[in-house]
Amino acid sequence: MESDFEKDRQRYIDEDFLIARVASEHKEMYTILLSGNVINAEVTGRLMFAAESRRDFPAVGDWVAVQHFENSNAIIHHVLPRKTCISRKSSGREFKEQVIAANIDIVFIIQSLDHNYNIRRLERFLVVAKESGASPVVLLSKTDLITDEELKTKIEEVHAISPGIQTIAYSAKTLSHIDEIKQLISPNTTVCFVGSSGVGKSTLINRLVGKELLATNEVREEDSRGRHTTTHRQLVPIEGGGFVIDTPGMRELGLWDVSGSLDEIFPEIAALAVECKFTDCTHIHEPDCAVQLAVQEGRLETKRFESYIKLKKEAEFVASKTDITKQQERKAKEKRLGRAIKEFTKKDKRR
Ligand SMILES: Nc1nc2c(ncn2[C@@H]2O[C@H](COP(=O)(O)OP(=O)(O)O)[C@@H](O)[C@H]2O)c(=O)[nH]1
Ligand SMILES: [Mg+2]
Ligand SMILES: [Zn+2]
């Protein structure tokens, strides 16, 4: 069966649109890659009006149907169906989805092996990456800063919480294991990098691209925080035909909808939950809870269990808030439509 993507692509081509890919987005101004050129672009008023949320706007990595006349901005008319999409809750108090990148094949989750290394944060990133539909790969940077013994322990820790997920420990300084990362990015593969500021995303991307494309920043040693040098997301073609998307430092990776991936990242808990007395057991206060029992008997690590509960509560909270936001958006749209219909009937009567 032909995918929605292929069907839509062909339809837009038949309608004389050009197919391009969004390379960057900054305050609703875009650049797109169109037959090898980078061109400024904006969206049509119609797309803006029809959009129910941020999700309906183009994101970096999106394939779009555009019109382009020489010496002017290209106009984005349609966003093609996304094959994968990585989202987070926008930072701050709002409950809005922010699409970080679209149509990615691999999400590299980077932690550096200094102060940044944190198993619980890694679990959060894994859940978000898994939900995107792309394959997560864990990268542990700065192996040059720790001993082989320490490295071995940390890799074992990471394996224990991410069974079946590839982990590569590397150093951008000594270049050890960089080739292994390169080999994963075959032609026509799009990858993105997520991780806190200062872990080495830009440094690695520069190594992959083969030039000093992105500014990197020196980290204050004592707290391992770097300044944010990357200002906006961008899609960059790399030698050999792949693409990388650099994402600005992410101190926060708030969960968006992760209902489908939480259990995949915590499979042992999902397996235990089947044995709970209540099918909707929250594993907090119910009797005959197989998950609680496993914690009491030391078969499930308390910290791992707490991490799961924390992420689950956060996801449920966001889901409850988003339903409200969606309802409000729908109402506002209906109101606009109602007003438009009223205006129209008024005019109609006057005739
Ligand atoms: N020792 C060591 N330092 C690294 C490595 N990778 C990056 N760095 C340094 O870490 C700092 C932050 O790197 P950067 O790429 O800007 O991080 P980003 O904020 O994730 O983009 C810079 O000073 C880099 O030189 C590595 O593998 N080993
Ligand atoms: Mg950077
Ligand atoms: Zn239970």
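A helix here is a DSSP run of H or I at least four residues long, and helices are numbered from the N terminus. With that in hand, keep in mind that everything below is a predicted model.

**View 1. The whole chain, before we zoom in.**
The chain holds ten helices and 15 strands. Of its 351 residues, 46% are buried. Now take the contacts between residues at least 6 apart in sequence: 65% of them join residues at least 24 apart.

**View 2. Helix H1 and what its buried residues pack against.**
Helix H1 runs over residues 4–14, and its buried residues include Phe5, Asp8 and Tyr12. These residues cover an arc of only 70° around the axis, so they sit on the same side of H1. It helps to recall that an α-helix has 3.6 residues a turn, so residues three or four places apart point the same way. What do the buried residues of H1 pack against? They meet strand E1 (18–26), strand E4 (63–67) and strand E5 (74–79). After H1 comes Asp16, and its phi is positive, near 75°.

**View 3. Glu28, a loop residue with a positive phi.**
Find Glu28 in the loop between E1 and strand E2 (29–34). Its phi is near 65°, which is a positive value in a residue other than glycine. Is Glu28 buried, partly exposed or exposed? The relative accessible area of Glu28 is 30%, and buried means under 20% while exposed means over 50%, so Glu28 is partly exposed.

**View 4. Strands E6 and E7, side by side.**
Strand E6 (residues 85–89) pairs with E7 in the antiparallel sense, over five bridges. If you'd like one spot to check by eye, look at Cys85, which stands opposite Ala102 in E7. Strand E7 itself spans residues 97–102 and is mostly covered, with five of its six residues buried.

**View 5. Ser132, tucked into a loop.**
Ser132 belongs to the loop between helix H3 (119–131) and E9. Its relative accessibility is 5%, so Ser132 counts as buried. Which residues does Ser132 touch, once its neighbours within four places in sequence are set aside? They are Thr84, Cys85, Ile86 and Val107. You may remember Cys85 from the previous view, where Cys85 stands opposite Ala102. Ser132 and Asn103 are 29 residues apart along the chain, and their C-alpha atoms are separated by 9.2 Å.

**View 6. Lys142, on the way from E9 to H4.**
Lys142 is in the loop between strand E9 (135–141) and H4. Here is another residue that is not a glycine but has a positive phi, about 65°. Lys142 has 18% relative accessibility; since the cut-off for buried is under 20%, Lys142 counts as buried.

**View 7. Helix H4 and its two sides.**
How far apart should the ends of H4 (residues 148–161) be? At 1.5 Å a residue, the 14 residues of H4 should span 20 Å, and the end C-alpha atoms are indeed 20 Å apart, so the two agree. The buried residues of this helix are Leu151, Lys154, Val158 and Ile161. Looking down the axis of H4, you'd see the buried residues fall within an arc of 95°, so they line one face of the helix. Over on the other side of H4, Asp148, Glu149, Lys152 and Ala160 are exposed.

**View 8. The zinc ion and its four donors.**
Which residues coordinate the zinc ion (ligand 3)? Cys276, Cys281 and Cys289 each use SG, while His283 uses ND1, at 2.2 to 2.4 Å. Along the chain, the donors follow the spacing C-x4-C-x1-H-x5-C. The angles among the four donor atoms are 102 to 116°, and the site is tetrahedral. For reference, the ideal angle for four tetrahedral donors is 109.5 degrees. Two of the coordinating residues are worth a closer look. Cys281 counts as buried because its relative accessibility is 7%. His283 is buried too, at 4% relative accessibility.

**View 9. Ser307 in helix H10.**
Ser307 lies in helix H10, which covers residues 302–350. Why does Ser307 count as buried? Its relative accessible area is 8%, and buried means under 20%. Not counting residues up to four places away in sequence, Ser307 touches Arg120, Glu123 and Phe266.

Note on methods. Residues numbered from 1 in each chain as written. Chains lettered and ligands numbered in written order. Predicted model: local features only at pLDDT ≥ 70, side-chain atom pairs only at ≥ 80, totals over all residues. Heavy atoms only, no water. Donors = N, O, S within 2.8 Å, 3.2 Å for Na, K, Ca; no water. Tetrahedral: all angles 85-135°; square planar, octahedral: opposite > 155°, others 65-115°. Buried < 20%, exposed > 50% of the residue type's maximum accessible area, 1.4 Å probe, protein only. Helix = DSSP H or I, 4+ residues; strand = E, 2+ residues; numbered from the N terminus. Pairing = 2+ DSSP bridges. Contact = heavy atoms within 4.5 Å. Expected span 1.5 Å × (residues − 1). Arc of directions from axis to C-beta.
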